[in-house]
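Student: I would like to work through this model one question at a time. Please show the structure before we begin.

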Amino acid sequence: MRILPPKRIFFRLMFSYLLVALSVLGVIAIIFINLMQKYFFSVEGFQLEGQGEKAASLLERPLLENDLSTVSRLAYTIAFSYDVYLWVIDSQGSVLAIAGGDPEELGLQVEMTEIAHVLAGNFITKQITGPDYNSLIHMTPIYEKTADEYAAGGGEEEKGQVIGALAICRPLGGVTMTISRLRWLVFYAAGGATVLALLLGYSLSRRMARPLEDMSQVALAVSRGDYRQRISYSSDDELGQLASTLNFAIEQVGATIEQQHRMVKLQQEFISDISHEFRAPLTSLQGFLELMRDGKCTPEESRYYLDIMYKDTLFLGRLVQDLLDLTKLESQGITLEKRRCHPETMLRHSLKHLYHTAAAKNIRISLQVHPDVPHIYADEMRLHQVVVNLVENAVRCSPAGSEITLTLQREGDGVLLKVADQGPGIPTADLPLIWNRFYKVDKARTRFATGTGLGLAIVKRIVELHGGRVGVESTPGQGAVFSVWLPHNAEA
Ligand SMILES: Nc1ncnc2c1ncn2[C@@H]1O[C@H](COP(=O)(O)OP(=O)(O)O)[C@@H](O)[C@H]1O
Ligand SMILES: [Mg+2]
């Protein structure tokens, strides 16, 4: 598996931040400067237009009277007071007066075609940008007004003939300077914003990249089989959510795998236990068979060996039967055939088979049933197995002539069965282990004297499948009391 170096995500994020910040800033700066430029120029142009108009109306009279000295005097005054360059052109297109600037420079800026255009009654406003000058020029025609208009004080409704043209020009040094200052200002602002974007982008990218780095570390550890690692990042954003989801998933997977390991271990233990239990009877069978094959024993010995061998096969049969039972009970798909039944009836039925075994050892079985024992829902065949196992154990462990007492009573929300004997009891240390399969207290005794060691494991499993509990109490030397509690209404 290839894992991107975490740094890459970080740099990608950083780069994206910077790109976004700079492009947004650039676009805003360009729009801003353009707007400002347009605004300044339109203000200037508007002003210049007004001034041109006023100048034209001032110059109209002397121009009409062909009073050239007044024209040039007025031109100077206007140029001086408006701080503009000015030139006055007659209707033939020749320059009558130039004021305020270098005629050469001005000549460069106005073309004959433009003069003709203005003399035809049009306005022209243009901006001239050169390497060392930058100016705005406005050209307006000068009209002859009617005598009535003079009397009325200069109305503009009706224009007369064009008698000349006026070009008025304002150098834009101030505006240009303001704009260039603005440009610098925007540039500085962009620089500051870039630094800010860098810092912000850095911290944000770092904050995003760190949990991702953390996650990839943990994922790597998990892929190596280490399920104890957790992502330490916690936050209520999407990354935090992802982290806690991943942690939950790791925990689940870890638990499942641990459980699988446990199961596999249990299975292995089970198999080795089984093999161990099979070995003793098989070894014994082999040994006796060898002796008999070689003809090294007397007929009496043969009969004696055959008897042991027969018991061995009986034991093996029981072992197989118990193993099959336990395996079935422990499988997931086991279903009990539960029916409504009365515990006392069931118990008396089971005991019928056991009185005989007990009588062989001169052991008495007594049954005490308390009056209000409720009915239960149970698999009768399985519960029969439980009773037989417990009573057979008690009979086996009891001395001849003793008594086994069974009591049946209501306890809490169910029924309690107790099987008490007068045998040797069970050492306190063994009490909790007694329910384990193959567990036998007295390991020295021959397999014929005890059972398979699976009986109590089967009992416990059956009772728990019914939703009940098993228990055992014992004072060594004074017998043991096994108890089974079953719920009254465990219908399911
Ligand atoms: N009533 C009892 N008194 C003393 N020990 C008992 C009694 N019942 C069971 N045990 C002990 O518990 C062990 C396990 O019982 P069980 O699982 O039924 O196996 P098994 O009967 O095949 O030996 C027995 O070997 C015996 O040591
Ligand atoms: Mg038993």
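Student: Which element supplies the largest share of the shell around ligand 1?

Tutor: This is a predicted model, and the shell around ligand 1 is taken from it. In that shell, 20 residues surround the ligand, and Asn 393 and Gly 455 are among the closest. Two helices, α10 (380-397) and α11 (455-465), each supply at least two residues of the shell. The largest share, four residues, comes from α10.

Student: By class, how many residues of the shell around ligand 1 are nonpolar, polar and charged?

Tutor: The shell to be sorted holds 20 residues, including Val 441, Gly 451 and Leu 456. Glycine is counted with the polar class. The division is nine nonpolar, eight polar and three charged residues.

Student: Why does the length of α10 agree with what a helix should span?

Tutor: The helix α10 has 18 residues, and at 1.5 Å a residue it should span 26 Å. The agreement follows because its end C-alpha atoms are separated by 26 Å.

Student: From which element does the largest share of the largest nonpolar core come?

Tutor: The largest nonpolar core has 36 residues, and those with the most contacts inside it include Val 386, Leu 390, Ile 404 and Val 459. Among the elements that each supply at least two residues of this core are α9 (343-360), β9 (403-411) and β12 (480-487). The largest share, eight residues, comes from α10.

Student: Against which elements do the buried residues of α10 pack?

Tutor: The buried residues of α10 include Arg 382 and Asn 389 as well as Leu 383, Val 387 and Cys 397. Ala 394, also buried in α10, is touched by Ile 404. The buried residues of this helix pack against α9, β8, β9, β10, α11 and β12.

Student: Is Ser 81 buried or exposed?

Tutor: Ser 81 has its place in helix α2 (residues 68-82). A residue is exposed if 12 or fewer other C-beta atoms lie within 10 Å of its own. Ser 81 has 10 C-beta neighbours inside 10 Å, so it counts as exposed.

Student: What separation do the C-alpha atoms of Ser 81 and Ala 394 have?

Tutor: The protein chain is divided into domain 1 (6-149 + 159-178), domain 2 (254-334) and domain 3 (335-487). The C-alpha centres of domain 1 and domain 3 lie 118 Å apart. Ser 81 and Ala 394 are 313 residues apart along the chain, and their C-alpha atoms are separated by 133 Å.

Definitions and conventions
Residues numbered from 1 in each chain as written. Chains lettered and ligands numbered in written order. Predicted model: local features only at pLDDT ≥ 70, side-chain atom pairs only at ≥ 80, totals over all residues. Near = placed C-beta within 6 Å. Core = buried A, V, L, I, M, F, W, Y, C linked by C-beta atoms within 7 Å. Buried ≥ 20, exposed ≤ 12 C-beta atoms within 10 Å, placed from the backbone. Contact = placed C-beta atoms within 7 Å. Expected span 1.5 Å × (residues − 1). Domains from an automatic or database assignment. Lists of a residue's contacts leave out its neighbours within four places in sequence.
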